[in-house]
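Student: Could you take me through one part of this model in detail? I'd like to look closely at the aromatic rings and what sits around them.

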Amino acid sequence: FHLSMGLFRNYAAFAGADLRDEVSRLSMPIDILHGTADRVVSFEIGATLYSLLPHAEFHELPGLGHGLFYYPRGRELAQEVIKAKTRERSLHPAGAD
């Protein structure tokens, strides 16, 4: 795994930041995809994030680390989630109530 300077600066900008209050105000649909072997953002932090978002869906990826798109299963799950959300939106378009 290679860290670019841009990625390193991004990590450094948020190191130690507590964003729980801001995150809990989010109201849009959210899917969290998190690998259980992530050593950059621990799985426990992903679970905590999920607990702050009652409308979110949590997708656990056993054995996968950080950078889910480096793993075939991570890419597959992301595609499945996108297809499911697209299908839901086509069945229930916004403002069609």
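Tutor: Here is a walk through the aromatic cluster, then a histidine beside it in the contact list, then the main pocket.

Keep in mind that this is a predicted model. If you search the whole structure for aromatic pairs, you get two. Take Phe43 and Phe58 to begin with: their ring centres are 5.6 Å apart and the planes meet at 70 degrees, which is over the 60 degrees needed, so this pair is edge-to-face. The pairing brings together distant parts of the chain, since Phe43 belongs to helix H3 (residues 43-51) and Phe58 to strand E2 (residues 57-61), with their positions 15 residues apart. Phe43 has a relative accessible area of 17%, so with the limit at under 20% this residue is buried. Phe58 comes out at 22%, so this one counts as partly exposed.

The other pair is Tyr50 with Phe58, and here the geometry is tilted: 5.3 Å from centre to centre, with 40 degrees between the planes. Tyr50 is partly exposed too, at 35% relative accessibility. Put the ring pairs together and you have Phe43, Tyr50 and Phe58 linked into a cluster.

Now for the histidine. His34 sits in strand E1 (residues 31-35), and this residue is buried, with a relative accessible area of just 7%. Ignoring neighbours within four places in sequence, the residues in contact with His34 include Phe43 and Phe58 from the ring cluster, along with Val41, Gly46 and Leu68. Glu60 is in that contact list as well; although His34 and Glu60 are 26 residues apart along the chain, their C-alpha atoms are separated by 5.3 Å. There's a polar detail to check too: a polar atom of the His34 side chain lies 3.3 Å from the backbone oxygen of Ser42.

Last stop, the largest pocket, which holds about 950 Å³ of space. It is lined by 28 residues, and the closest to its centre are Phe14, Leu19, Val41, Ile45 and Leu49. Val41 ties back to the previous stop, being one of the contacts of His34. Several elements share the lining: helix H1 (5-14), helix H2 (20-23), E1, H3 and helix H4 (72-91) each give at least two residues. So far as chemistry goes, the lining splits into 16 nonpolar, nine polar and three charged residues.

Key: Residues are numbered from 1 along each chain as its sequence is written. This is a predicted model: local features need pLDDT of at least 70, side-chain atom pairs count only at pLDDT 80 or more; totals for chains, interfaces and linings use all residues. Side-chain values use heavy atoms; hydrogens and water are left out. Rings of Phe, Tyr and Trp (its six-membered ring) pair if their centres lie within 6.5 Å; planes under 30 degrees apart count as stacked, over 60 as edge-to-face and the rest as tilted. Helices (H or I, at least four residues) and strands (E, at least two) are DSSP runs, numbered from the N terminus. Buried means under 20% relative accessible area, exposed over 50%, partly exposed in between (1.4 Å probe, protein chains only). Contact means heavy atoms within 4.5 Å. A polar contact is a pair of N or O atoms within 3.5 Å; within protein, one must be able to donate a hydrogen and the other to accept it, and residues adjacent in sequence count only if both atoms are side-chain atoms. On a 1 Å grid over the protein atoms alone, a cavity is a set of points where a 1.4 Å probe fits but cannot get out, and a pocket is an open set with protein on both sides within 12 Å along at least five of seven lines; lining residues have an atom within 4 Å of a point. Grid points are joined across faces, edges and corners, and a volume is the space filled by probe spheres set on the points. Ala, Val, Leu, Ile, Met, Phe, Trp, Tyr, Cys and Pro count as nonpolar, Asp, Glu, Lys and Arg as charged, and the others, Gly among them, as polar.
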